Amino acid sequence: MGKSAAMSSATATPESWPWPPAMRASAAWHVAAIGAGVLVPGAWPWAIGAIVLNHALITGAGLTPRSNLLGPNVTRLPEAAAARREVAITIDDGPEPEVTPRVLDLLDAHGQRATFFCIAERVLAHPELAREIVARGHSIQNHTAQHRHNFSFLGPRGFASEIARAQDILAEATGQRPTCFRAPAGLRNPFLEPVLHRLGLSLVSWTRRGFDTREGDPAKVMARLARHLQARDILLLHDGNAARTAEGKPVLLEVLPLLLERLRADGLRAVTLPEGLKS
Ligand SMILES: [Zn+2]
């Protein structure tokens, strides 16, 4: 995919990207280190060390899904959602024919809504499932075209291709253009934020996750999600790539009834991200 497709869904020019303070500090740090290396005899090793340290910090921020050093990152619903008693259940890596329809039935039975961060190529494979998710009142958001394992090593062109292509596929399949983006495993680098800005997407991570792609014990997944559960929480679960219980069931199908029951008991309402993010 070329630049043109990325630009077609652009909402702002790349120049208007507001550099996050940490990125501005990082640029200044580079200038200072290089300046010292040039001007001060014998300072080169220190200057190089300073730049290496800076890159290590930036890499660390990119590997920390809930960090906002590299740009805005939604980890909770806004304050207004507290008064509305809202939480957001987000379900990643689908749609998955074996799991997603049963998830939709569970949500319907409890009258709750969720947000599905879909992999666009899986939507291409199961467009009817994507349409059903939206028809039943839920939201589909952008979780890249292919969910590449090396996603966090991509540069601006790679990000633009993976994300803009997913925007087009999801908009075509559901009639709704996503406004939220989540990186595979939440991992990224400083080139991601300008691309999201240009495409009009907000990076959304989570308040808590159940690690349900690795943990097959529903009680453990539920305990992680429900610790300090409260309004404004954004919870992360998976319908695609779900770990299996001892009985071989996708763990989400065992956890979701427990979670929905707990929300009811606590008087909390699960809403889609576009609804919950309203201030
Ligand atoms: Zn994922």
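1. Asp212 lies in the loop that runs between strand E6 (208–209) and helix H10 (218–226). The model is predicted, and the points below should be read accordingly. Asp212 is buried yet forms no salt bridge. Its nearest side chain of opposite charge is that of Arg224, 8.0 Å away; a salt bridge would require a side-chain nitrogen within 4 Å of a carboxyl oxygen.

2. What does the side chain of Asp212 reach? It comes to 2.7 Å from the backbone nitrogen of His238. Leaving aside residues up to four places away in sequence, Asp212 touches Val221, Leu236, Leu237, His238, Ala242, Ala243 and Val251. His238 thus appears both among these contacts and as the residue whose backbone nitrogen the side chain reaches.

3. Helix H10 follows this loop. Its buried residues are Pro218, Val221, Met222, Leu225 and Ala226. Viewed down the helix axis, they fall within an arc of 120 degrees, so they line one face of H10. An α-helix has 3.6 residues a turn, so residues three or four places apart point the same way. The cover over the buried residues of H10 includes E6, strand E7 (234–238) and helix H11 (251–266).

4. Both ends of H10 merit a remark. At the N-terminal end, Asp217 acts as a cap, with a side-chain oxygen 3.0 Å from the backbone nitrogen of Ala219. Just after the helix, His228 adopts a positive phi of about 60 degrees.

5. Helix H2 (residues 21–39) comprises 19 residues. From its first C-alpha to its last it reaches 27 Å, close to the 27 Å expected at 1.5 Å a residue.

6. Which residues of H2 are buried? They are Met23, Ser26, Ala33 and Gly37. Seen down the axis of H2, these residues fall within an arc of 80 degrees, so they line one face of the helix. Helix H3 (44–62) is included in what covers them. On the other side of H2, Pro21, Arg24, Val31, Val38 and Leu39 are exposed.

7. Pro101 belongs to helix H5 (residues 100–110). Is this residue buried, partly exposed or exposed? Its relative accessible area is 27%; because buried means under 20% and exposed means over 50%, Pro101 counts as partly exposed. With residues up to four places away in sequence set aside, Pro101 touches Glu96 and Leu129. Pro101 and Ala166 are separated by 65 residues in sequence and by 22 Å in space, C-alpha to C-alpha.

Notes
Residues are numbered from 1 along each chain as its sequence is written. This is a predicted model: local features need pLDDT of at least 70, side-chain atom pairs count only at pLDDT 80 or more; totals for chains, interfaces and linings use all residues. Side-chain values use heavy atoms; hydrogens and water are left out. Helices (H or I, at least four residues) and strands (E, at least two) are DSSP runs, numbered from the N terminus. The expected span of a helix is 1.5 Å times one less than its number of residues. Buried means under 20% relative accessible area, exposed over 50%, partly exposed in between (1.4 Å probe, protein chains only). The arc is that of the directions from the helix axis to the C-beta atoms. Contact means heavy atoms within 4.5 Å. Lys and Arg count as positive and Asp and Glu as negative; His and the chain ends are not counted. A polar contact is a pair of N or O atoms within 3.5 Å; within protein, one must be able to donate a hydrogen and the other to accept it, and residues adjacent in sequence count only if both atoms are side-chain atoms.
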